[in-house]
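I opened this model to look up a few local features and to note down what I found. The entries follow in the order in which I looked things up.

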Amino acid sequence: MSNNLSSETVGVAPDYSKKECWCKLPEISKDVDTFYIYATEYIMGSFAEGAPDFASLDNTEMLQGAEAEYNLHASAYVDSTNLFMPYYRQSGLKYAGEMARKTGTADTAFEGMPINDITAALDYYFENYNGGRPFIIAGHSQGSAMVLVLLRTYFKDHPEYYSRMVAAYPIGYSVTDEYLAANPHLKFASGETDTGVIIAWNTEGPKNLETNAHNLVVLPNTRSINPLNWKLDETYAPASMNLGSLMANEETGEPEIKDVGADAQINLARGVVITNAKGEPMDEETAKAAAEFFGPDGRHNEDYLFFYNNIKDNVAKRVAAFKARRM
């Protein structure tokens, strides 16, 4: 990205008519879109002395992370939809953690600049790019937190857009009972092909459950849908139901579809998906930060990766169901 955007760290949102403000702008080849909001990618740099709370649009760590997230997460939507992915000035992990300790949730870290940027991008998308097509709105982590804000505010104020929403995938953040009760126009998914619904889960390993570990993205009274059997109860889904995980090749480091034994079972009391699959290896510094924020057995980084082909398959099925219901 050109450095002329580096000064846009305060005040009005970026100018989304500029192509450099978008990580991905597709050639239109499908009749359904996805608007994807990336997760916190301003991570280790946010802990540096004197580092700002929010990343500027030319923050190298964020730009590289957003590109990686496109390849590892957002690409799950590309077979079925045209994918739009804006850059935005996001909260750093350090600041999100500070706000969570003060208020009990990281939500306040995403208010102001991040949500204002995303709202401006969404406005520009609907007014200039969408062309009346049905759409999916999706994200991960911080991006998913903003999807949830948009569902209760932006789309409530824009029913003409909301009526075309195939589904929302705010994966890796908490959709709580209180959130749904306060927003009766929203519904959590109840199966594999319902549309106009919210599809979400948080993934953890058994030790997080056993120790009742603190996890920044897991709030009380949250709920998950099982990404293998698409049930809401504690029915166990064996790894044989997994269509393929997207994991790094041990020799080349390049992502490839693999069988890593990623099973899934909801724990209703905690509201999460428990898997026995092991997470991707991390360097010591990153692993320490991950454990602090997501617990000693967190699988936050693998919310998409473990269930990648199942997500891709589910997107196709919900798109088909939405089209069938509109015919």
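**Notebook: contacts, strands and a helix**

I began with Glu292, which I found in helix 9, the run of residues 284-294. The model is a predicted one, and I kept that in mind for every entry below. Leaving aside residues up to four places away in sequence, I noted that Glu292 touches Arg101 and His214. For Glu292 and His214, which are 78 residues apart along the chain, I read a C-alpha separation of 8.2 Å.

Next I turned to strand 2, residues 33-37, and asked how many of its residues are buried. The count came out as five of five, so I entered the strand as mostly covered, with buried meaning under 20% relative accessible area. Going through the side chains, I saw that Asp33, Phe35 and Ile37 point one way from strand 2 while Thr34 and Tyr36 point the other way, and that all of them are buried.

I then looked up the neighbours of strand 2. With strand 3, residues 82-86, strand 2 pairs in the parallel sense over three bridges, and there I found Phe84 as the bridge partner of Phe35. Following the chain from strand 2 through helix 1, residues 60-72, to strand 3, I recorded a β-α-β crossover that is right-handed. Strand 2 also pairs in the parallel sense with strand 4, residues 135-140, in this case over five bridges, and I noted Thr34 standing opposite Ile136 of strand 4.

Helix 1 deserved its own entry. I checked its length and found that its 13 residues reach 18 Å from the first C-alpha to the last, close to the 18 Å expected at 1.5 Å a residue. I listed Met62, Leu63, Gly65, Ala66, Glu69 and Tyr70 as buried in helix 1. Looking down the axis of helix 1, I saw that its buried residues fall within an arc of 165 degrees, so they line one face of the helix. What do the buried residues of helix 1 pack against? I found them against strand 1 (22-24), strand 2, strand 3 and strand 4. At the N-terminal end of helix 1, I identified Asn59 as the cap, with a side-chain oxygen 3.1 Å from the backbone nitrogen of Glu61.

Last, I looked up Cys21, which lies in the segment before strand 1. I asked whether Cys21 is buried or exposed. Its relative accessible area is 0%, so I entered Cys21 as buried. I also noted that Cys21 and Asp58, 37 residues apart in sequence, are 9.8 Å apart in space from C-alpha to C-alpha.

Definitions and conventions
Residues numbered from 1 in each chain as written. Predicted model: local features only at pLDDT ≥ 70, side-chain atom pairs only at ≥ 80, totals over all residues. Heavy atoms only, no water. Buried < 20%, exposed > 50% of the residue type's maximum accessible area, 1.4 Å probe, protein only. Helix = DSSP H or I, 4+ residues; strand = E, 2+ residues; numbered from the N terminus. Pairing = 2+ DSSP bridges. Right-handed = clockwise from strand over helix to strand, strands pointing away. Expected span 1.5 Å × (residues − 1). Arc of directions from axis to C-beta. Contact = heavy atoms within 4.5 Å. Polar contact = N/O pair within 3.5 Å; in protein donor to acceptor, adjacent residues only side chain to side chain.
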